[in-house]
Each structure stands twice: as C-alpha cells, then as structure tokens.
Amino acid sequence: MAKENDKAWAILQQQLMVAMKKSAWGEMAQIYLQQATMVRKEGKEAKHILAEGIRCELMQMKSARVDKVKVIGARDELVCPSCAILSDKVFSLEEALEKMPVPNMACTSLLPRVGRNWCRCCIR
C-alpha cells in the first residue's frame, strides 16, 4: 500500500507542478485536497496541506475580483465550539489570505469515520 501511495503522491506532485505553471488555482486546490485526504488516511495531520488548497481557492476568488468571503461552518452536532464561533464571519479577501481562517487550526471536531479532527469549514 505504501508504494501505491508513493506513486499516487508523485503523480499528484507532477500535476501540481503543471497547474502551478499555469496559475490554475482551481486545479491546484483540488490536488491539495486529494493530498490532504491521502495524508489523513495515513493517520497524519493534514491541516497544513488543506490550508494550501484553501489558499488556492482564495487566489482563484481574487483573480475573479471577489472582495469579501464568508466562512461557512458545518451545522451539525459534530461541529466544534471554535468552528461554530467562526461560522458566518465575513472577511475581506485580503484579510482571509492573511489570516487563513479556514481550515480552522483550532478545530477539534472528531469525525467518526475518520477518527481524527478534520475541519469541515469552507469559504464562500
């Protein structure tokens, strides 16, 4: 399984380099999400990779001239107190890029299937 993951990671890295050369922010965000999911499945912390994907989403919004973004938190019994407070907050795009509120680094949501915390907040 480790060799398969290594091969998949190498392919994703190649795809990421191509997307970076094109400034294809949406593609980059999707690749980072795939990488974060792989790392999480290995039982490792993935918030730093997830954050890069969110940064790419924000850059895509910036290129579309979006001025403000809103944090959308999960609205269920699994949402942690920190994410519940963050939910519905509005940031200027520049402020969001600077503060990177998502993924919430203080998130403590434990998802049953994952067995680890995984911030489900997003920015729209």
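Colleague: What makes D76 and R120 a salt bridge?

Modeller: Keep in mind that this is a predicted model. The side chains of D76 and R120 come together at 2.9 Å, N to O. The cut-off for a salt bridge is within 4 Å, so the pair qualifies.

Colleague: Where do D76 and R120 sit in the chain?

Modeller: D76 is in the loop between β1 and α4, and R120 is in the loop between α5 (93-99) and β3. They are 44 residues apart, so this pair links distant parts of the chain.

Colleague: Why is D76 called partly exposed?

Modeller: Its relative accessibility is 29%. Buried would need under 20% and exposed over 50%, so D76 falls in between. R120, with a relative accessible area of 31%, is partly exposed by that reasoning.

Colleague: What makes K70 and D88 a salt bridge?

Modeller: Here the N to O value is 3.8 Å. That is within 4 Å, so the pair counts. K70 lies in strand β1 (residues 68-72) and D88 in the loop between α4 (81-86) and β2 (90-92), so the bridge ties together parts 18 residues apart in sequence. K70, R75 and D88 are linked in a network of salt bridges.

Colleague: And R124 with E57: how do you know that R124 is exposed?

Modeller: R124 has 55% relative accessibility. Exposed means over 50%, so R124 makes the cut. E57, with a relative accessible area of 23%, is partly exposed. Their side chains meet in a salt bridge at 3.6 Å, N to O. R124 lies in the segment after β3 (122-123) and E57 in helix α3, so the pair ties together parts 67 residues apart in sequence.

Colleague: How many salt bridges does the structure hold?

Modeller: The structure holds 9 salt bridges.

Colleague: Let's turn to the helices. Why are α2 and α3 called roughly antiparallel?

Modeller: Helix α2 (residues 25-41) and helix α3 (residues 47-63) pack at an angle of about 165 degrees. Angles over 145 count as roughly antiparallel, so the label fits α2 and α3. Their axes are 8 Å apart, and α2 passes α3 in a left-handed crossing.

Colleague: Which residues of α2 and α3 meet?

Modeller: In α2, they include W25, M28, Y32, L33 and V39. On the α3 side, I49, L50, C56, E57 and M59 are among them. By class, the contact has 11 nonpolar, 5 polar and 2 charged residues. E57 is one of the α3 residues in this contact, and its side chain also meets R124 in a salt bridge.

Key:
Residues are numbered from 1 along each chain as its sequence is written. This is a predicted model: local features need pLDDT of at least 70, side-chain atom pairs count only at pLDDT 80 or more; totals for chains, interfaces and linings use all residues. Side-chain values use heavy atoms; hydrogens and water are left out. Axes are lines fitted to C-alpha atoms, for helices over the stretch in contact, and angles run from 0 to 180 degrees between N-to-C directions. Helices (H or I, at least four residues) and strands (E, at least two) are DSSP runs, numbered from the N terminus. Angles under 35 degrees count as roughly parallel, over 145 as roughly antiparallel, 65 to 115 as roughly perpendicular and the rest as oblique. A crossing is left-handed if the near helix is turned anticlockwise from the far one by less than a right angle, and right-handed if clockwise. Contact means heavy atoms within 4.5 Å. Ala, Val, Leu, Ile, Met, Phe, Trp, Tyr, Cys and Pro count as nonpolar, Asp, Glu, Lys and Arg as charged, and the others, Gly among them, as polar. Buried means under 20% relative accessible area, exposed over 50%, partly exposed in between (1.4 Å probe, protein chains only).
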